[in-house]
Amino acid sequence: MSIKIKNLNKTFKTHEKDLIALDNINLEINTGELVCILGPSGCGKTTLLRIIGGLEEHDSGEILEEGVAITKPSRERGFVFQQYSLFPWLNVLDNVMFGLNLAGSQKEESIKRAKNYLKAVGLEDAEKLYPHELSGGMKQRVAIIRSLVNKTKTLLMDEPFSALDMQNRHKLQEELIRIWKKAGRTIIFVTHDVDEATFLADRIILMGKNPGHIKQVFDNTLTRPRKRESEDFLDIQNKIIDILDNK
Ligand SMILES: Nc1ncnc2c1ncn2[C@@H]1O[C@H](COP(=O)(O)OP(=O)(O)OP(=O)(O)O)[C@@H](O)[C@H]1O
Ligand SMILES: [Mg+2]
């Protein structure tokens with residue numbers, strides 16, 4: 001058992017009225033699992049992920065990691081934000097190596113590791129460029145690589161691939177699976193894309209809104225490698241869409 005959430009509630013107080021963002025969330029995520037949180041815009045996905053990351057406080061209920069309450073961010077929890085955030089004064093390679101440098105990794109090894117990851121996403125020729133010289137999709141790939149390259153136990157990813165074209169999105173989804181299999185990390189991946197959740201996750205947390213709640217935890221029984229064109233894949237997708245549409 002890794003992360004346990006019990007009767008968790010979160011309300012935002014706005015100038016107009018109180019907004020219940022998360023209503024009685026109960027969830028367990030095991031160490032080494034790849035879980036997707038899937039639901040429509042505004043159902044509280046980012047809020048839930050930020051609470052898991054220790055970036056946002058909750059009002060009531062419990063959130064525990066290995067039995068210990070999560071109250072603040074940790075080096076062991078990497079975060080990829082919905083909006084890419086790079087350091088404008090560092091080039092691509094130095095942006096990717098930022099966390100490795102902080103962790104005090106050996107320089108030669110860090111460079112090799114960073115370059116390998118850049119190559120995997122087709123950015124090997126961009127390592128000397130600065131963020132303002134990159135397209136939106138390139139920036140997002142650098143931001144993703146920057147979190148993957150760190151050896152954190154848990155990766156929290158908030159719609160990281162949604163701004164990418166289909167080809168890059170599929171490439172990074174496969175890269176993520178590869179990294180997950182190799183390093184045995186826990187990955188919690190937020191998306192509003194049914195195809196993406198079906199491709200990536202073994203368990204899919206289906207959320208609904210007004211107020212944000214968990215509708216169902218769906219076990220994705222598809223074997224790997226997964227083929228989008230297979231009948232089973234489409235069948236699972238349709239099942240998920242039915243649950244999401246069901247009020
Ligand atoms: N800091 C905040 N202050 C007030 N309300 C907020 C704040 N952050 C989020 N909310 C509200 O909480 C609800 C859930 O927002 P959240 O960003 O978690 O949704 P989401 O599922 O991530 O949506 P999207 O798919 O569009 O990213 C929304 O109604 C939003 O307006
Ligand atoms: Mg969001």
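Colleague: Which residues come nearest to ligand 1?
Modeller: This is a predicted model. In it, 14 residues surround ligand 1. Those that come nearest are Ser41, Gly42, Lys45, Thr46 and Thr47.

Colleague: How is the shell around ligand 1 divided into nonpolar, polar and charged residues?
Modeller: Gly counts as polar here. On that basis, the shell has two charged residues and five nonpolar ones. The polar residues number seven.

Colleague: Which element supplies the largest share of the shell around ligand 1?
Modeller: Two elements, β2 (18–29) and α1 (45–52), each give at least two residues to the shell. The largest share is three residues. That share comes from α1.

Colleague: What is the distance from an oxygen atom of ligand 1 to an N or O atom in the side chain of Ser41?
Modeller: The backbone also takes part in contacts with ligand 1. A polar backbone atom of Cys43 is 3.2 Å from a ligand oxygen. For a backbone N or O atom of Gly44, the distance to a ligand oxygen is 3.1 Å. For the Ser41 side chain, the value is 2.5 Å.

Colleague: How much of the area that ligand 1 exposes when taken alone does the protein bury?
Modeller: Taken alone, ligand 1 exposes 630 Å². The protein then covers part of that area. The buried part is 64%.

Colleague: Why is α3 oblique to α4?
Modeller: The axes of α3 (residues 107–120) and α4 (residues 136–149) come within 10 Å. They cross at roughly 135°. An angle over 145 degrees would count as roughly antiparallel, and 65 to 115 as roughly perpendicular. The crossing angle fits neither range, so α3 is oblique to α4.

Colleague: Which hand does the crossing of α3 and α4 have?
Modeller: Here α3 passes α4. The crossing is right-handed.

Note on methods: Residues numbered from 1 in each chain as written. Chains lettered and ligands numbered in written order. Predicted model: local features only at pLDDT ≥ 70, side-chain atom pairs only at ≥ 80, totals over all residues. Heavy atoms only, no water. Near = heavy atom within 4 Å. Polar contact = N/O pair within 3.5 Å; in protein donor to acceptor, adjacent residues only side chain to side chain. Areas by Shrake-Rupley, 256 points an atom, 1.4 Å probe, with all protein chains shown as cover. Helix = DSSP H or I, 4+ residues; strand = E, 2+ residues; numbered from the N terminus. Axes fitted to C-alpha atoms, helices over the stretch in contact; angles between N-to-C directions. Parallel < 35°, antiparallel > 145°, perpendicular 65-115°, else oblique. Left-handed = near helix turned anticlockwise from the far one by under 90°.
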